[in-house]
Each structure stands twice: as C-alpha cells, then as structure tokens.
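I'm opening my notebook on a new structure today. I'll jot down each thing I look up as I go.

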Amino acid sequence: MDIDIIFKIAAVGLITAIISQILKKTDKDEIATLVTLAGLVIVLIMIINMIGQLFDTLKTVFGMY
C-alpha cells in the first residue's frame, strides 16, 4: 500500500475545508455544504476502489473465482 493515497485524501480534505470556509464567510452556506459533500464523495470513491483491489488480491491469493 502506498502512502500516496493518504496524501491524496488529506489534500482533498484540506481543499474542501478551505473552499467551505471561504463560502461560509461569504454567506453561501448551502454551496459550502454541497462542496463538503462533493469532497466526501470523492474520498469515498477512492476508498471503494481500494477495497475492490483488496478483494481482487484476496481472490488471487486464495484461488477463489
């Protein structure tokens, strides 16, 4: 497992937090909430891809089809 995925998740979190705070300061709370949800969805897609790779590796190791 690479450490790159941790840095990618942290980067998405930081960018999302910064944009959300800027939008909240400009009284656009609804858009800030949507930005936060979009960041969450991006991270979840990254994690789901990793879990899929894990299951493929487990199938290969244990010879399951």
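**Starting with one serine**

I noted before anything else that this is a predicted model. My first lookup was Ser 20: is Ser 20 buried or exposed? Its relative accessible area is 6%, and buried means under 20%, so Ser 20 is buried. I then checked where Ser 20 sits, and that is in helix H1. Which residues does Ser 20 contact, leaving aside its neighbours within four places in sequence? I found Ala 32 and Thr 36.

**Thr 16, on the same topic**

I moved on to Thr 16, which also belongs to helix H1. Thr 16 has 13% relative accessibility, so I wrote it down as buried too. Not counting residues up to four places away in sequence, Thr 16 touches Val 35, Thr 36 and Gly 39. I put a mark beside Thr 36, since my notes list Thr 36 as a contact of Ser 20 and of Thr 16.

**The helices**

Next I stepped back to the secondary structure. How many helices and strands does the protein have? I got 2 helices and 0 strands. Helix H1 covers residues 4-25 and helix H2 covers residues 29-62. I looked up how H1 and H2 pack, and the angle is about 170°, with the axes 8 Å apart. Angles over 145 degrees count as roughly antiparallel, so that is what I call H1 relative to H2.

Then I wanted to know who makes the contact. On the H1 side I listed Ile 5, Lys 8, Ile 9, Val 12, Thr 16, Ile 19, Ser 20, Leu 23 and Lys 24. On the H2 side the list includes Ala 32, Val 35, Thr 36 and Gly 39, so my two buried H1 residues and the partners I had noted for them are in the contact. I also sorted the contact by class, and got 13 nonpolar, 4 polar and 3 charged residues.

**The loop**

I went to the loop between H1 and H2, where I found Asp 27. Asp 27 has a relative accessible area of 67%, so it is exposed. I also jotted down an oddity: Asp 27 has a positive phi of about 60° although it is not a glycine.

**Some residues with more accessible area**

I picked Gln 21, which is in helix H1. Gln 21 is partly exposed, with a relative accessible area of 44%. Asp 56, in helix H2, is partly exposed as well, at 47% relative accessibility. Glu 30 is in helix H2, and Glu 30 is exposed, with a relative accessible area of 61%.

**Distances**

I took a few C-alpha to C-alpha distances. Glu 30 and Ser 20 are 10 residues apart in sequence and 9.9 Å apart in space. For Asp 56 and Leu 23 I got 41 Å in space, with their positions 33 residues apart in sequence. Gln 21 and Phe 62 are 47 Å apart in space and 41 residues apart in sequence.

**The overall shape**

Last, I looked at the protein as a whole. Why do I call the protein more spread out than a compact globule? Its radius of gyration is 17 Å, well over the 11 Å that the globule rule gives for 65 residues, so that is how I describe it. Along its principal axes, the C-alpha trace spans about 55 × 20 × 5 Å. I also looked up burial: 14% of the 65 residues count as buried. The accessible surface comes to about 5500 Å², and 73% of that belongs to carbon and sulfur atoms.

Key: Residues numbered from 1 in each chain as written. Predicted model: local features only at pLDDT ≥ 70, side-chain atom pairs only at ≥ 80, totals over all residues. Heavy atoms only, no water. Axes fitted to C-alpha atoms, helices over the stretch in contact; angles between N-to-C directions. Helix = DSSP H or I, 4+ residues; strand = E, 2+ residues; numbered from the N terminus. Parallel < 35°, antiparallel > 145°, perpendicular 65-115°, else oblique. Contact = heavy atoms within 4.5 Å. Nonpolar A, V, L, I, M, F, W, Y, C, P; charged D, E, K, R; others polar. Buried < 20%, exposed > 50% of the residue type's maximum accessible area, 1.4 Å probe, protein only. Rg over C-alpha atoms; globule rule 2.2 N^0.38 Å. Areas by Shrake-Rupley, 256 points an atom, 1.4 Å probe, with all protein chains shown as cover.
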